[in-house]
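Me: Could you take a close look at one part of this model for me, the second chain? I'd like a connected walk through its build and its notable residues.

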Amino acid sequence: MNWFPHRSAAWRLGWAALALAILLCAAGCQRTSQQQPADQAPELAAELTVDPTPPRVGPATLLVRLSDASGAPVEGAGISLKGDMSHAGMAPVLAETSGGAGGLYQATWHWSMAGDWFVTVTATLADGRTLVRRFDLTVAGS
Amino acid sequence: MALYRPTPTFDLLRVPGLGRLLRWRWGRLVFQLPMLALAALIIYDGLSGPQLAPQNLATVSVWIHYRGLVLLALLLAGNLFCMSCPFTLPRTLAHRLAGRGRRWPKALRNKWLAIGAFVAYLWLYEALDLWASPALTAWLVIGYFVAAFVLEALFAESPFCKYICPLGTFNFAAAAISPLQITARSQDVCRACVGKECVNGSAQVLGCGTELFVPRVVSNLDCTFCLDCARACPHDNVALAARWPASELALRPGPARPPAAVSAWSRRWDVAFLALVFAFAGLTNAFGMTPPVYALAATLSRWLGRADEALILALIFGLFMLLLPAALGLGAAWLSRRLGAGQGGRWSRHRLRDAFTRYAPTVLPLGVAIWFAHYWFHFASGALTVIPVAHSFLLDHGVTRFGSQPNWLLGPILSDDLVFLTVLAALALGYLTSLHTLQRAAAGEATPAGRRALLPWLALWTALAVAAVIVFSLPMEMRGMIG
């Protein structure tokens, strides 16, 4: 059998495949995810505290403290927390915070498995901007 | 003397509709094209998408779905991934462009390189945390395409599939327990055949890429299920026949079975060692997700005075995946030879090899069970995570018809308790099948000495099964080796 009686056809196919691959990569490099909004408040500080510390599998309390460049608390924000494991295939842990007085926001939490976690703090500030921070944690077994 | 062949009581190639599709000239392409599209998607999302593994199609589809489904397919049918492997598409293009390449070096026409590549692949998976990196997962897929293309352009005999590919090596080993196998419908037809198109190819279809000759096929080893043999055969004499799983591991010589047709697993150090490495690697891979391995890594790190994760992993993998199976396998073979010395005639310099190659492959059902238990855990725990990940991917590309909020809480398809029960059931089934295969491998040697010869292997498989139960009873952790 001769799929490509004229070799130029095969080369054209090869080059087309290469061009497609380059295009895919180029297009890919420009992609932004709507699920990961950009941080619009880099001047603010966010601090995550976990109780118990060090974190262990089971129930926990997460505290987020927001402050501005002068150290003054940032109040009136709505904060959602999302915990992802480093391994694919694990459903994340989601929570909304309450409070906010003195820039301190609190959420009840449950570490479902030991391992590496990424906790993403997404805060919608009173002025409408979005603050996004990621914290890396290692959770020990119960 | 008649050659052994399974009786094709059920032939998948004779199933109305499906059989015709499978034997169709472009039948393999029907399965490969969707996999090619999936590979392109993996590369695209892996390089461009969110670099959090649970939110990226590359990591979710490769490390959760591929690994779970490939084993289910092997258990229920056969080597379906190799059949639909997208990496062979550019390989075939290379083959067409370059023509018949040179022969693969004779010294490398065995499984030693494949064993090394298999262990190296597992080491890379941990050392580079491939499971946590969409971009590296995408580059792994690209690397596969490049390697398959280059090797096929340079050499004949599909060396990538047969002698290197770690995925193929895994599938070849696990396919020993598959219920389907290529065989000839009639040996008489094969004997009268002049062209041997199943291996030589015809004007329209390539012959077997891994150079298997259908009437001599007695196992799934090296069979990619490409079905080129069935398409090339001018006599329509190739069957994809049902058989007892693991039956290929215990064929013994007999009046209708000349030694050459006994088993692809017989009398070869490399394939017997592959079976052991496959099983021990499965246990080590699962062990790598439990707390004791972190303690071991920390201890090694203190001894070495350095926290080089790649080095420590190499030591752990080298010990548990290569040295331990070699030492225990050879030790069992030596004991088996000593205990069975009263039967079977004179000692010969081949006796150690005979004992090793005869009984070591019977570990494969247990090995498959260990791999299945691990991959099933991930699959059953996270199969549905692909839904929000795909939803998120579509949203990022402007497709909003499924709503604007992915349901990130989707994940498991079974409760933790049920997953654990299925894991235990798989291990028990694998262990019992290995024992049954071991007993069949010794069929015809019912003397007390013959039975004693089985004891070392019985002890080894039992120890392996107990170790597997212990490992899977430990709490799993998902993190890098050295935190």
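What follows is a tour of chain B, from its overall layout to single residues.

Reply: Happy to help! This is a predicted model, in which local features need pLDDT of at least 70 and side-chain atom pairs count only at pLDDT 80 or more, while totals for chains, interfaces and linings use all residues. Residues are numbered from 1 along each chain as its sequence is written, chains are lettered from A and ligands numbered from 1 in the order in which they are written, and side-chain values use heavy atoms, leaving out hydrogens and water.

Let's begin with the layout. Chain B comes to 21 helices and three strands; helices here are DSSP runs of H or I with at least four residues, strands are runs of E with at least two, and both are numbered from the N terminus. Of its 483 residues, 57% count as buried, where buried means under 20% relative accessible area, exposed means over 50%, and partly exposed is in between (1.4 Å probe, protein chains only). The accessible surface of chain B is about 19200 Å², and 68% of that belongs to carbon and sulfur atoms; such areas come from the Shrake-Rupley method with a 1.4 Å probe, and for residues only the protein chains shown count as cover.

The domain assignment splits chain B into domain 1 (12-261) and domain 2 (269-397 + 407-473), with bounds that come from an automatic or database domain assignment. Taken over C-alpha atoms, the centres of these two domains of chain B are 23 Å apart. Between them, 40 residues of domain 1 are in contact with 41 residues of domain 2, contact meaning heavy atoms within 4.5 Å. Among contacts in chain B between residues at least 6 apart in sequence, 80% join residues at least 24 apart.

Now for a residue inside domain 2. B:H374 is found in helix α17 (residues 364-382), and it counts as buried because its relative accessibility is 1%. Leaving aside residues up to four places away in sequence, B:H374 touches B:N285, B:A286, B:M289, B:F472 and B:M476.

On the surface, B:W303, B:L304, B:L311 and B:L315 make a nonpolar patch of about 420 Å². Patches are made of residues with over 30% relative accessible area and no salt bridge, joining like charges within 9 Å and nonpolar side chains (Val, Leu, Ile, Met, Phe, Trp, Tyr) within 5 Å. A salt bridge, in turn, is a side-chain nitrogen of Lys or Arg within 4 Å of a carboxyl oxygen of Asp or Glu. Helices α14 (291-304) and α15 (309-339) each supply at least two residues of this patch. B:L304, in α14, counts as partly exposed because its relative accessibility is 38%.

What about the cysteines? The count comes to zero disulfides over all chains, a disulfide being a pair of cysteine sulfur atoms within 2.5 Å. For B:C82, the nearest cysteine sulfur is that of B:C85, 6.3 Å away. For B:C165, the nearest is that of B:C82, 6.4 Å away. B:C82 is buried at 8% relative accessible area, and B:C165 is buried at 8% relative accessibility.

Finally, the backbone. Most residues other than glycine have a negative phi. B:D222, not a glycine, has a positive phi of about 70 degrees, and B:F225, also not a glycine, has one of about 60 degrees. B:D222 lies in the loop between α11 (197-200) and α12 (228-232), and B:F225 lies in the loop between α11 and α12. B:D222 is buried at 7% relative accessibility, and B:F225 is buried at 1%.
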